[in-house]
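Trainee: Could you take me through one part of this model in close detail? I would like to follow the charged side chains and how they pair.

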Amino acid sequence: MVNEPSEYQWSSYQCNTLGKVSDLRTPHALYLKLGESESQRQQAYRDLFKIHVSNKLLADLRKATNSCLALGSDTFIDQIEALSGRRLRAKQVGRTRLDR
């Protein structure tokens, strides 16, 4: 899409990091907790984007999100499944041994 988040016109990034004023944006409660002043919040928000996400992790995140599955270790997924009462990992594909 773009090389830098600030280049995407429909993102709140310019408002949250550069102080661009927009009638379309209302600061989110979590954004307001990033610092006591606007400059502190802007810097903290910029810092969130310094971490590079690998292509594999990005693909895994998209797959899990699009499939409504949890992403994490087996222990983490077991805990989330127990708490939610829902299956949150992909079923194995293919036929079972009983089907053959």
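Mentor: Happy to; here is a walk through the salt bridges, with one network in the foreground. Keep in mind that this is a predicted model.

Let's begin with the general idea: side chains of opposite charge can pair when their charged atoms come close. The structure holds six salt bridges, and a good place to settle in is Arg89. Its side chain meets that of Asp78 in a salt bridge, at 2.4 Å from N to O. Arg89 sits in the segment after helix 5 (74-84) while Asp78 belongs to helix 5 itself, so the pair ties together parts that are 11 residues apart in sequence.

Arg89 also has a salt bridge with Glu81, this time at 3.4 Å, N to O. How covered are these side chains? Arg89 has a relative accessible area of 25%, so Arg89 is partly exposed. Asp78, at 43%, is partly exposed too. Glu81 has a relative accessible area of 18%, and because buried means under 20%, Glu81 counts as buried. Salt bridges that share partners join Asp74, Asp78, Glu81 and Arg89 into one network.

For another pair, turn to Lys50 and Asp47. They form a salt bridge in which the closest N and O atoms are 3.1 Å apart. Lys50 is exposed, at 63% relative accessibility, whereas Asp47 is partly exposed, at 33%.

Note on methods. Residues numbered from 1 in each chain as written. Predicted model: local features only at pLDDT ≥ 70, side-chain atom pairs only at ≥ 80, totals over all residues. Heavy atoms only, no water. Salt bridge = Lys/Arg side-chain N within 4 Å of Asp/Glu carboxyl O. Buried < 20%, exposed > 50% of the residue type's maximum accessible area, 1.4 Å probe, protein only. Helix = DSSP H or I, 4+ residues; strand = E, 2+ residues; numbered from the N terminus.
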